[in-house]
Amino acid sequence: MRVTVGVSGGIAAYKAAELVRALQRQGAEVHVVMTEAAQRFVQPLTFAALTGHKVITSLWEDAGAGDENGIEHIAEAQWADVLAVAPATANILAKFAHGIADDFLSTLYLATKAPLIVAPAMNVNMWNHAATQANVDILRQRGVHIVEPGTGELACGMVGEGRMAEPEAIAATLLAVLGRSHDLAGEVVLVTAGGTREALDPVRFIGNRSSGKMGYALAEAARSRGARVIMVSAPVSLHAPAQCEMVRVTTAEEMRRAVLERMPQATLVIKAAAVADYRPVAVSAQKLKRTGPMTLELTATDDILAEVVRRRRPGQLIVGFAAETENRMENGRAKLLAKGADAIVVNDVGGEGVGIDADTNAATFLTQATAVELPQMPKRELADRILDEILALRRPRPVVVELDEQPEPRPRGTDAARDSELSESVALGSRRRQLIVE
Ligand SMILES: Cc1cc2nc3c(=O)[nH]c(=O)nc-3n(C[C@H](O)[C@H](O)[C@H](O)COP(=O)(O)O)c2cc1C
């Protein structure tokens with residue numbers, strides 16, 4: 001997903017930085033184009049640092065020097081999958097509406113075939129002015145997506161319509177425009193993430209190398225697809241995903257309690273955390289000193305996934321993760337059968353660049369009936385693929401019904417009802433019929 005964010009000259013220009021971050025969290029590669037006026041509010045350096053790309057600030061800058069052909073606006077126009085202008089000033093809306101191309105952003109708009117999303121932000125009188133409203137109407141009729149401004153206290157001190165929509169709302173519109181539907185709307189997804197820690201003494205613990213990246217990516221993906229997300233997280237050094245209910249825990253036992261307490265609300269439980277299998281029998285109240293060899297006595301922790309499966313209610317989907325270093329499929333299948341989850345995502349944590357702590361991952365989505373290979377890809381992308389597979393579990397599987405005899409002729413008037421139930425009917429000879437019921 002390649003997004004060009006256009007920033008024009010309004011007070012809300014600083015919020016474009018939040019939009020860039022929100023889009024990046026959704027896996028987008030972002031370029032930023034700033035008008036001259038926008039640069040009076042925010043330095044291009046802010047966006048260059050966030051995106052890792054040079055910010056385009058002029059039609060003329062660098063033209064012909066260093067670029068392949070100097071026609072950067074055409075290259076940018078072809079690069080972008082979508083153009084989002086936030087904030088959109090009254091001025092840029094007018095230029096877009098009337099085809100004026102006197103700077104990079106307005107020229108880019110004419111040159112690109114990518115869909116355009118604008119998030120207007122301005123003083124309430126400017127917004128309500130007939131000229132602005134007429135320009136917005138022209139753009140709307142042309143298929144431009146307008147993320148309507150909200151009502152509230154404006155930077156100019158007035159109260160009314162004109163506040164730029166929240167960056168998350170703009171990002172959500174953009175995703176919807178690009179065709180990612182809200183297919184998890186109505187679902188409550190409980191995700192666990194990170195590696196639990198079991199204390200040995202006040203400063204030491206037994207832990208693992210889990211970064212939490214996979215669980216956080218799943219939470220973000222589920223949220224952006226419309227789910228309400230409850231995140232139970234062991235310690236990680238990641239920013240909390242936006243708009244998720246965060247529950248922070250440290251030990252396996254804390255995670256167990258947090259999950260069991262919240263699981264009745266969930267329609268889907270995804271257990272991506274790396275939970276300790278053992279904890280020390282005794283925790284020293286004082287910092288342990290080096291006194292020669294030491295033997296630690298450990299005791300097994302409770303199996304949270306098994307308990308979640310035992311307490312599930314009808315319709316709740318339970319998906320676990322298995323981190324394996326050998327015999328991946330055998331171990332994954334054994335875990336699936338032993339725990340009774342709907343699916344297990346089997347990770348190879350021994351490979352280069354995949355699994356624990358890496359930014360990419362490869363996995364197998366294992367159910368009793370299928371094994372779907374998900375090749376190495378960024379964890380955020382993998383999160384969406386895993387959610388696609390989980391959603392497929394909700395779709396009813398075709399049931400094949402074999403009938404020995406020719407069915408009785410149906411009474412008149414019921415054919416339509418039956419035909420809607422029986423999506424396909426295959427006659428197999430005169431005395432045997434196979435009905436595939438969706
Ligand atoms: C302090 C200040 C704040 C402004 N805020 C806005 C704003 O929020 N929305 C807007 O449409 N124009 C605003 N303007 C006016 C625009 O900056 C001006 O119309 C400029 O020409 C817009 O250029 P651009 O569309 O190329 O970025 C503001 C001007 C100043 C001086």
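Which residues are the closest to the ligand, and how many surround the ligand? In this predicted model, 14 residues surround the ligand, and the closest are S8, G9, G10, T89 and M122. The tour returns to this site after the first sheet.

**The whole chain**

Display the whole protein as a cartoon. It contains 14 helices and 22 strands. Of its 438 residues, 39% are buried. Among contacts between residues at least 6 apart in sequence, 65% join residues at least 24 apart.

Next, colour the chain by confidence. The average pLDDT is 87, and 86% of the residues score at least 70. Then select residues 410-431, where pLDDT stays under 50. For this stretch the model has 17 contacts beyond four places in sequence. Where pLDDT is low, the predicted coordinates should not be read in detail.

**The five-stranded sheet**

Select β1 to β5. These five strands form an open sheet with parallel pairing, in the order β2-β1-β3-β4-β5. At its edges are β2 (29-34) and β5 (145-146), each of which pairs on one side only. Strands of a sheet pair through backbone hydrogen bonds, either parallel or antiparallel.

Move to β4, residues 116-120. Two bridges join β4 to β5, and the two strands run parallel. To locate this pairing, select V118, which stands opposite I146 in β5.

Now add helix α5, residues 104-111. Helix α5 packs on the sheet and touches β1, β2, β3 and β4, with its direction at about 125 degrees to that of β2. Is α5 mostly covered or mostly uncovered? Helix α5 is mostly covered, with six of its eight residues buried. To see them, select F104, L105, S106, T107, L108 and Y109. Then show what surrounds these buried residues: the cover includes β1, β2, β3 and β4, together with the helices α3 (72-79) and α4 (90-98).

Turn to helix α1, residues 15-25. Helix α1 lies across β1 (2-7), β2 and β3 (82-88), and it runs at about 175 degrees to β1.

Within β3, select P87. A cis peptide bond joins A86 and P87, with omega at about -5 degrees.

**The ligand shell**

Select the ligand and the residues surrounding it. Which element gives the most to this shell? Helix α4 does, with three residues. Colour the shell by residue class: eight residues are nonpolar, six are polar and none is charged.

**The hairpin of β6 and β7**

Select residues 150-163. Strand β6 (150-153) and strand β7 (159-163) run antiparallel and are joined by four bridges. One pairing to display is G150, which stands opposite R163 in β7. Five residues lie between the strands of this hairpin, where G157 takes a positive phi near 100 degrees.

**The eight-stranded sheet**

Proceed to the sheet with the order β12-β11-β8-β13-β16-β17-β18-β19, an open sheet of eight strands with mixed pairing. Why is one side of β12 and of β19 left without a neighbour in the sheet? Strands β12 (245-248) and β19 (371-378) stand at the edges and each has a single partner strand, so one side of each has no neighbour there. On average, neighbouring strands of this sheet are turned by 15 degrees against each other, direction ignored.

Select β17 (343-348) and β18 (360-366) for a view of antiparallel pairing: four bridges join these strands. V345 has F365 in β18 as its bridge partner.

Two helices can now be added. Helix α9 (213-224) packs on the sheet, touching β8 (188-193), β11 (228-233), β13 (268-271) and β18. The direction of α9 makes about 165 degrees with that of β8. Helix α13 (379-394) also packs on the sheet. Its contacts are with β13, β16 (317-324), β17, β18 and β19, and its direction makes about 160 degrees with that of β19.

**A last stop at N327**

Finish in the loop between β16 and α12 (328-339), where N327 lies. Phi of N327 is near 40 degrees, a positive value in a residue other than glycine. Is N327 buried or exposed? N327 counts as exposed because it has 10 C-beta neighbours inside 10 Å, and the limit for an exposed residue is 12 or fewer.

Methods. Residues are numbered from 1 along each chain as its sequence is written. This is a predicted model: local features need pLDDT of at least 70, side-chain atom pairs count only at pLDDT 80 or more; totals for chains, interfaces and linings use all residues. Two strands pair if DSSP finds at least two bridges between them. Two residues are in contact if their C-beta atoms, placed from the backbone, lie within 7 Å. Axes are lines fitted to C-alpha atoms, for helices over the stretch in contact, and angles run from 0 to 180 degrees between N-to-C directions. A residue is buried if 20 or more other C-beta atoms lie within 10 Å of its own, exposed if 12 or fewer, and partly exposed in between; C-beta atoms are placed from the backbone. A residue is near a molecule or strand if its C-beta atom, placed from the backbone, lies within 6 Å of it. Ala, Val, Leu, Ile, Met, Phe, Trp, Tyr, Cys and Pro count as nonpolar, Asp, Glu, Lys and Arg as charged, and the others, Gly among them, as polar. pLDDT is the predictor's confidence in each residue, from 0 to 100.
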